[in-house]
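Take a look at the charged side chains in this model. The walk below goes from a surface patch to the salt bridges.

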Amino acid sequence: MGRGRAKAKQVKVARQLKYNSGGTDLDRLRDELGVGEPGRNDDADDLNDELADRYADYADGYGAGDDDDDRPSGRR
C-alpha cells in the first residue's frame, strides 16, 4: 500500500522539473563544470587545428572520386 504515496511524490517532482525549469543559474553551472568564459574557447580551437593538421594528409588521399557510387545501396 505504500507504493501510492511514493508514486505521488515522484509525479509531483517530475511535474516540478517539467514546468518549473526556469531557475537554472548558468554561471554557477559553468563554474562547477570548470568551463571558461563563453567567448574564450582557445584550447578547443588549438586542439581542432592540431587534429586537422595531423589528418590532412589522410584527407588528401581520399578524394571526391572514392565515393563508390557504382555500388548498389540495397534499397529498392
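Start with the acidic side chains. Asp45, Asp46, Asp49 and Asp53 form a negative patch on the surface. The model is a predicted one. One member of the patch, Asp53, sits in helix 3, which covers residues 42-61. Is Asp53 buried or exposed? Its relative accessibility is 60%, and the cut-off for exposed is over 50%, so Asp53 counts as exposed.

Helix 3 also carries a salt bridge. Arg54 pairs with Glu50, and their closest N and O atoms are 3.2 Å apart. Why are the two separated by about one helical turn? Because Arg54 and Glu50 lie four residues apart in helix 3. Neither end of this pair reaches the exposed class. Arg54 has 45% relative accessibility and counts as partly exposed. Glu50, at 43%, is also partly exposed.

How many salt bridges does a search of the whole structure find? The number is three. The Arg54 and Glu50 pair is one of them. Now turn to helix 2.

Helix 2 spans residues 26-33. None of its eight residues is buried, so the helix lies largely in the open. Buried would require under 20% relative accessible area.

Within helix 2, the side chains of Asp27 and Arg30 meet in a salt bridge, at 2.9 Å from N to O. These two residues are three apart, about one turn of the helix. Asp27 is partly exposed, with a relative accessibility of 47%. Arg30 has a relative accessible area of 23%, so it too falls in the partly exposed class, which lies between the 20% and 50% limits.

Helix 2 holds another pair. Glu32 and Arg28 form a salt bridge, with 3.2 Å between the closest N and O atoms. Here the spacing is four residues, again about one turn of the helix. Are these partners buried or exposed? Glu32 counts as exposed at 56% relative accessibility. Arg28 counts as exposed as well, at 54%.

What follows helix 2? Just after it comes Gly34, whose phi is positive, at about 80 degrees.

Put the pieces together. Helix 2 carries the Asp27 to Arg30 bridge and the Glu32 to Arg28 bridge. Helix 3 carries the Arg54 to Glu50 bridge. Asp53, also in helix 3, belongs to the negative patch with Asp45, Asp46 and Asp49.

Notes. Residues numbered from 1 in each chain as written. Predicted model: local features only at pLDDT ≥ 70, side-chain atom pairs only at ≥ 80, totals over all residues. Heavy atoms only, no water. Patch = residues over 30% accessible without salt bridge, like charges linked within 9 Å, V, L, I, M, F, W, Y side chains within 5 Å. Areas by Shrake-Rupley, 256 points an atom, 1.4 Å probe, with all protein chains shown as cover. Salt bridge = Lys/Arg side-chain N within 4 Å of Asp/Glu carboxyl O. Lys, Arg positive; Asp, Glu negative; His and termini not counted. Charge placed at Lys NZ, Arg CZ, Asp CG, Glu CD. Buried < 20%, exposed > 50% of the residue type's maximum accessible area, 1.4 Å probe, protein only.
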